[in-house]
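Below is a short walk through a predicted model. Please look at the cysteines before turning to the overall fold.

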Amino acid sequence: MTDIDHPHAAPYSCPMIAELETLEAKIHLVTERCQTLLGDNVGLRHQLLSAQQEVRQLNAKLESASARLQILLQKIPEDA
């Protein structure tokens with residue numbers, strides 16, 4: 001460790017400096033993980049929107065098929 005890295009390090013003991021460096025590393029790790037999770041979250045939101053759109057399209061197709069079936073069922077004679 002140099003005075004350039006920690007210009008005010010003199011009042012701190014070596015164990016305290018080690019703890020602070022460990023804490024700094026942990027904070028850096030948490031920050032990286034948060035950034036990763038934010039990116040993952042954006043990707044998942046896009047996937048969710050895509051899946052919701054697909055569900056809407058499939059529901060529309062299902063409704064259309066159901067309506068066509070109802071028309072076909074009405075065309076079948078009752079005594080057939």
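The structure holds zero disulfides. Two cysteines can be followed in the model with this in mind. Cysteine 14 has a relative accessible area of 65%, and because the cut-off for exposed is over 50%, this residue counts as exposed. Cysteine 34 stands at 40% relative accessibility; this value lies between the limits of 20% and 50%, so cysteine 34 is partly exposed.

The wider fold comes next. In secondary structure, the protein chain has one helix and zero strands. Helix H1 covers residues 14-75. The chain has 80 residues, and 2% of them count as buried. About 7600 Å² of the protein chain is exposed, with 62% of that area supplied by carbon and sulfur atoms.

Part of the surface is a nonpolar patch, formed by Tyr12, Met16, Leu20, Leu23 and Ile27. Together these residues have about 460 Å² of accessible area. One of the patch members, leucine 23, is found in helix H1. Is leucine 23 exposed, partly exposed or buried? Its relative accessibility is 45%, so leucine 23 counts as partly exposed. Patch residues need over 30% relative accessible area, and leucine 23, at 45%, is therefore above that cut-off.

Conventions. Residues numbered from 1 in each chain as written. Predicted model: local features only at pLDDT ≥ 70, side-chain atom pairs only at ≥ 80, totals over all residues. Heavy atoms only, no water. Helix = DSSP H or I, 4+ residues; strand = E, 2+ residues; numbered from the N terminus. Buried < 20%, exposed > 50% of the residue type's maximum accessible area, 1.4 Å probe, protein only. Areas by Shrake-Rupley, 256 points an atom, 1.4 Å probe, with all protein chains shown as cover. Patch = residues over 30% accessible without salt bridge, like charges linked within 9 Å, V, L, I, M, F, W, Y side chains within 5 Å. Salt bridge = Lys/Arg side-chain N within 4 Å of Asp/Glu carboxyl O. Disulfide = S-S within 2.5 Å.
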